[in-house]
Amino acid sequence: MKRTFLFLLAGTLLTSACNTDKTTEVGAEGMNAAATEAAANPTVDNPNVTNETEVPNPNAPVMTFAESDHDFGDIQPGAVVKHTFTFTNSGKTPLLIGNATASCGCTTPNWTKEPIAPGATGTIDVQFDSQGKSGMQNKQISVQANTTPSTTVIAIKANILPDGAQGPVRQ
C-alpha cells in the first residue's frame, strides 16, 4: 500500500514539474487571441472545395453519355437484366476510366478499360440481378475518370413484379 502511494505521489510530482508557465495561452486573452487569429485567416485547405478562381482544364477529356439513365420497366423476380451505356469522349485528350462502382452488390458494371481517344466512343455494361428484390428499384453507378468533374453518375431502375409462386390472392 505504501509503495503504491509513493509511486502515485512521485508520478504527480513529476507531472506537475513538467508543466511550464503558459500565461499567454490561458485565460480570456489567450482564447480571444486565438479566435482573432482564426477570423483573420478564414481560408481552409479543403480538397473537396474548388477555388472560385480555378479554371477547369480546357483540354480535359469530357464523358458525354447518349443516355445517363435507363428504365428496365417491369421485370420478373429473379431476372438478370443488362444494359449498355454508350459515351463519347468529346474532350481534347484521351479519356481513361479508373473505376466504376454500383450503389448495391446486385448491380455489376463493366467498362472499357483502354483509353478512349477524343471523338471515340466507349461503353459501360451494367448488369442488375433482381434476386431477393421486390418493387421499384433505383441503382446508381459512379464512374471515376480523368474528367472534370472526376465522377459521373449514371442510373438504372426497374420494377420487380410480385412473385406469383404463392398463388393468386383470395378476396
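Start by selecting Ser 130, in the loop between strand 6 (121-129) and strand 7 (135-145). Strands here are DSSP runs of E with at least two residues, and helices are runs of H or I with at least four, numbered from the N terminus. The model is predicted, so local features need pLDDT of at least 70 and side-chain atom pairs count only at pLDDT 80 or more, while totals for chains, interfaces and linings use all residues. Residues are numbered from 1 along each chain as its sequence is written, and side-chain values use heavy atoms, with hydrogens and water left out.

**Stop 1: around Ser 130**

Is Ser 130 buried or exposed? Ser 130 is buried, because its relative accessibility is 0%. The scale runs as follows: buried is under 20% relative accessible area, exposed is over 50%, and partly exposed is in between (1.4 Å probe, protein chains only). Show the side chain of Ser 130: it reaches the backbone oxygen of Gln 76 at 3.4 Å. A polar contact is a pair of N or O atoms within 3.5 Å; within protein, one must be able to donate a hydrogen and the other to accept it, and residues adjacent in sequence count only if both atoms are side-chain atoms. Now select the surroundings of Ser 130. Setting aside neighbours within four places in sequence, Ser 130 contacts Ile 75, Gln 76, Pro 77, Gly 78, Ala 79 and Ile 160. Contact means heavy atoms within 4.5 Å.

**Stop 2: the mixed sheet**

Ile 75 and Ile 160 lead into the next selection. Ile 75 has Ile 160 in strand 8 as its bridge partner. Strand 2 and strand 8 run parallel and are joined by five bridges. Two strands pair if DSSP finds at least two bridges between them. Widen the view to the open sheet of four strands, ordered 2-8-7-4 with mixed pairing. Strand 2 and strand 4 (97-102) are at the edges with a single partner strand each, so one side of each has no neighbour in the sheet. Neighbouring strands of this sheet are turned by 15 degrees against each other on average, direction ignored. For such angles, axes are lines fitted to C-alpha atoms, for helices over the stretch in contact, and angles run from 0 to 180 degrees between N-to-C directions.

**Stop 3: a cis peptide bond**

Go to Pro 149, in the loop between strand 7 and strand 8 (151-160). Check the peptide bond from Thr 148 to Pro 149: it is cis, with omega near 0 degrees.

**Stop 4: Ser 68**

Next, select Ser 68, in the loop between strand 1 (63-65) and strand 2 (69-75). Ser 68 is partly exposed, at a relative accessible area of 39%. Which residues does Ser 68 touch, not counting those up to four places away in sequence? They are Phe 85, Val 153, Ile 154 and Ala 155. Put a distance on the C-alpha atoms of Ser 68 and Ile 154: 4.8 Å, for residues 86 apart along the chain.

**Stop 5: the antiparallel sheet**

Switch to the open sheet of four strands in the order 1-3-6-5, with antiparallel pairing. Strand 1 and strand 5 are its edge strands, and each pairs on one side only. On average, neighbouring strands of this sheet are turned by 30 degrees against each other, direction ignored. Strand 3 (residues 80-89) pairs with strand 6 in the antiparallel sense over nine bridges. Pick His 83 here; Val 126 in strand 6 stands opposite.

Strand 5 also runs antiparallel to strand 6, with five bridges joining them. Thr 108 stands opposite Gln 127 in strand 6. Turn on the side chains of strand 5 (residues 107-111), which alternate. Thr 107, Pro 109 and Trp 111 point to one face and are buried. Thr 108 and Asn 110 point to the other face and are not buried.

**Stop 6: Val 62**

Select Val 62, in the loop between helix 2 (27-40) and strand 1. Val 62 counts as partly exposed, at 38% relative accessibility. Beyond residues up to four places away in sequence, Val 62 touches Thr 88, Asn 89, Ser 90, Gly 91, Leu 95 and Thr 147. From Val 62 to Gly 91 the C-alpha distance is 4.5 Å, with their positions 29 residues apart in sequence.

**Stop 7: cysteines and the whole chain**

Select Cys 104 and Cys 106. Cys 104 is partly exposed at 21%, and Cys 106 is buried at 12%. The disulfide count is zero, with a disulfide taken as a pair of cysteine sulfur atoms within 2.5 Å.

Zoom out. The protein has two helices and eight strands, in the pattern α-α-β-β-β-β-β-β-β-β along the sequence. Buried residues make up 22% of its 171 residues.
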